[in-house]
Amino acid sequence: MVAICIAYSGVGYFGMQRSWENKTIEGDLFQSLKKTEAILPEQYESPQYCRFQRCSRTDKGVSALRQIVSLRIRLIDNLVEKLNENLPQYIRVIGYKEVTAGFNAHKECDARTYSYTLPTFAFAHYTEITTESYRASESVIRSVNQILSQFKGTHHFYNFTAKKSADAKSCFRIIKECECSKPFVRDGIEFVVIKLKGNSFMYHQIRKMIGLTIAMVRGHCPVDTLTKAWSKERIDIPIAPALGLMLEKIHYDRYNKWYGGDGLHEALLMQKKMKNRILFICKVFRLFLNDIFFYLIHTSMLKWLRTLHCHSYDFSFLSPDESWQQAIYRAVKEVENVGLKTHNSDMAFRRLATSFHDIGLLRFISIKQSLTSATMSSEPETLAATASKRVNDSNTNEENTPKRIKLDENNTNNHSKDGNNTEKKEIKEARVKRKMVALLMAYSGQGYLGMQRNHGVKTIEDDLLQSLLKAGAIYPDQYQTPQYCRFQRSCRTDKGVSAARQIVSLKSALIENLVEKINENLPEQIRVLGCKRVTGNFNCKTACDARTYSYTLPTFAFAPIEEQTNENFRASESVITSLNEILSQYKGSHFFHNFTAGRSADDASCQRYIMEFKCGTPFIQDGIELAVIIVKGQSFMLHQIRKMVGLAIAIVRGHCLSDTLTKAWCPCRIDIPIAPGLGLVLEEVHYDYYNKRYGSDGLHESLVWDEFNEDIMKFKEKFIFPTIVNTEKKKNRTMLNWLSTLCMHSYDLRDPSAPKTLNTIGKMYYSLEQKKQDDLKKNNEQANESTSTSIEATEIDSIET
């Protein structure tokens, strides 16, 4: 998995995102990847097979200096040079870096920085003549910055985008920086650069923010227009040209904090070598920069400035109870008051056109021409009929186009399959909109073969998905294939392991009393305690910052090997202190290949970071003294915690020396016992970064479950603690039986000649059995030698006789 940094000019391209009909940046990039054989042909056809993801989806004409894309590719020699050989002149690959296996360029991004370059004559008052010789004063730049500062913070940007409803919570965005730089002169024209930094931006958001700022500075609308724009009613706001917009930088602060200094991955920062490459590419793009300025001056910006007076900068021009014909007649009467052939005539019709997006500007121009030729003294019905006729004629012409005919033919063919269409329509109507949620779970792992679903065996996930299906939260196909509802668990607990605060995320139907309905179909030892709405791309596993586990065990596990191990043992303070000294050696970053299975010593994923590891004060329950060991880390591997606890117990009891833990960090394989899984409990899953970023934005809730602490404690006292105590006191005596096997481990290098299919205890028995067979063979040989000697002596005696 790699992250590739690219720079490109958006001139002549229909945006970043791939489209088979139009020329796009991604289309040329994938062609270059295919020619260099960095991806397979099927990955070229379907980029999701190589897990391709772009950080930002730039629009038509928008450029980028540091766009980041992530994908799985084959690392070949001189990859950057070979990719650039097959790319156009205005698309350059700057470099690439290897990233984590689950990296996603879009989801891992913390913020984006854009710049908008424009000539300062865009800030000239509309009463002044707009020329290239205009120079902006300090007061003008100061007023621009005052307007831009109002965009900072969290606001509802419904009026600054399209294709969003007024009640959409996704319209809330956070703007961190928004300011205008000092002017600079290039080729005799003065320019400024407006920098904007935010967590994310919507479709046309930046261009509309710039457009409204320019309109306010030029005097086309009052200053309070921006206050109106925060409302949930649609405001007529102009869209600035796309040519001056450029993606400057992508920020990965969180990723760099967690993985940039772990010694395995590189931070996604522009180092000195990368900066030099960017400067070189900017020189190569000198012609492109000149083209930008040319278009800004002579075409895009000048033409766009002439259209600012056509906007109303107010609420919708069409009244709620007003028909199209009445609105057209009202517009005509407005034009009649000032004269048909005046400038205000064009303004009125263009205002009407910008309000009526469904009909469009060209259609209103044709309506205007027909109304201009008509007599203004006509009755309202005549004028309305004339206008509606032009609208109907334009609709008829659109329907007669080849594209529309093709659609009609497809519809005709589809209507021939009435049965299939009816079934699909019923299924579509039956499906309701789903939202991403996070569920808080608590369960006892006794009798279950782990958390993760495994067909044919009893697991926690299987019971949970069955309950979700019965409650109507998911569909039957999502039950069979959980990835269809984006189901994900934060931790994959093993057989017998319990959890007090397990988190799962999925797209679920928000039905009433969802938690109660799920619990109705669950066994008592599995409970869903809470449900919270999360962001649309939330993943409870990748968004998790750390996990906290507890391991509850009887203190007689710490008794010295020479003492009798029973339930009457009580651990002294010195025993707990010596245990904490051993546990503290696990803190920090280490290679835990000896504390898991199926991993080699050179596997980079074996390096894990332990934040906290300590044993609490013992307490007595049902006559047995128990202790709780708390361990907190970023992530854990299979059997890692149980092996860490097992080795610590062996050292405290005296089965091995304390330097065994030092040997465990070496590449060699060490024989380490695995503690029972019964006492292991997932205590908490930490989402510190998610809570910091989204918890206080007014749209989402923090993933802090303190309000359920009382319910969690009741569940632990009812199901988890009694299970541990009863198993040790009355049933299997898991810990006591396991302690009797500690003497069978060598706590040294493993025997490579032992069969790999056997576990640690099996290898010990294998060596003992081999020793027995060797001794038996030796005894047989000695017996055979003695038998042959006695036979020879008998023969000699008979001969002598």
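The following questions and answers go through a predicted model of one chain.

Student: How is this model numbered and filtered?
Tutor: Residues are numbered from 1 along each chain as its sequence is written. The model is predicted, so local features need pLDDT of at least 70 and side-chain atom pairs count only at pLDDT 80 or more, while totals for chains, interfaces and linings use all residues; side-chain values use heavy atoms, with hydrogens and water left out.

Student: How many helices and strands does the chain have?
Tutor: Helices (H or I, at least four residues) and strands (E, at least two) are DSSP runs, numbered from the N terminus. By that count the secondary structure comes to 25 helices and 20 strands.

Student: What percentage of the residues in the chain is buried?
Tutor: Buried means under 20% relative accessible area, exposed means over 50%, and partly exposed lies in between (1.4 Å probe, protein chains only). The chain has 801 residues, and the buried part of them is 48%.

Student: What share of the contacts with a separation of 6 or more comes from residues 24 or more positions apart?
Tutor: Contact means heavy atoms within 4.5 Å. Of the contacts in the chain with a separation of 6 or more, residues 24 or more positions apart account for 73%.

Student: Which residue does UniProt give as "binding site", and in which strand does Tyr549 lie?
Tutor: The UniProt record, an unreviewed entry, places this feature at Tyr549. UniProt positions are given in the numbering used here, feature names are shortened, and annotations may be inferred rather than shown by experiment. Tyr549 belongs to residues 546-554, which form strand E15.

Student: Is Tyr549 buried or exposed?
Tutor: Leaving aside neighbours within four places in sequence, the contacts of Tyr549 include Cys491, Ile629, Phe636 and Leu682. Its relative accessibility is 8%, so Tyr549 counts as buried.

Student: Where is Asp494, the residue UniProt lists for "active site"?
Tutor: The listing comes from an unreviewed UniProt entry. Not counting residues up to four places away in sequence, Asp494 touches Gly450, Leu638, His639 and Arg642. Asp494 is found in the loop between strand E12 (488-489) and E13.

Student: Which strands pair with E11?
Tutor: Two strands pair if DSSP finds at least two bridges between them. E11 (residues 435-443) has eight of its nine residues buried. Its antiparallel pairing runs over eight bridges with one strand (residues 498-508) and over seven with another; these partners are E13 and E14.

Student: Which residues stand opposite Leu439 in E13 and E14?
Tutor: In a regular strand the side chains alternate between the two faces of the sheet. Leu439 has a bridge partner in each of these strands: in E13 the residue is Val504, and in E14 the residue is Cys531.

Student: How far is Leu529 from Val515 in space, C-alpha to C-alpha?
Tutor: Leu529 is found in E14 (residues 526-533), and it is buried, with a relative accessible area of 17%. Besides Val515, Leu529 is in contact with residues including Leu440, Ala442 and Phe708. In sequence Leu529 and Val515 are 14 residues apart, while in space the distance is 6.9 Å.

Student: Between which domains does the largest nonpolar core lie?
Tutor: A nonpolar core is a set of buried Ala, Val, Leu, Ile, Met, Phe, Trp, Tyr and Cys residues joined through side-chain atoms within 4.5 Å. The largest has 100 residues, and Phe538, Phe558 and Tyr687 have the most contacts inside it. Helix H20 (residues 640-653) gives the most to this core, with nine residues. Because both contribute residues, the core lies between domain 3 (434-533) and domain 4 (546-687 + 705-740), with bounds from an automatic or database domain assignment.

Student: How many residues does the second core have?
Tutor: This core is separate, and Met16, Ile175, Leu212 and Ala215 are among its members. Its residue count is 96.

Student: What is the phi of Arg486?
Tutor: Most residues other than glycine have a negative phi. Arg486 lies in the loop between helix H17 (476-480) and E12, and it is partly exposed, with a relative accessible area of 33%. Its phi is positive, near 55°.

Student: Is Asn78 buried or exposed?
Tutor: Asn78 is found in the loop between strand E3 (63-71) and helix H3 (79-85). Its phi is positive, near 55°. With a relative accessible area of 55%, Asn78 is exposed.
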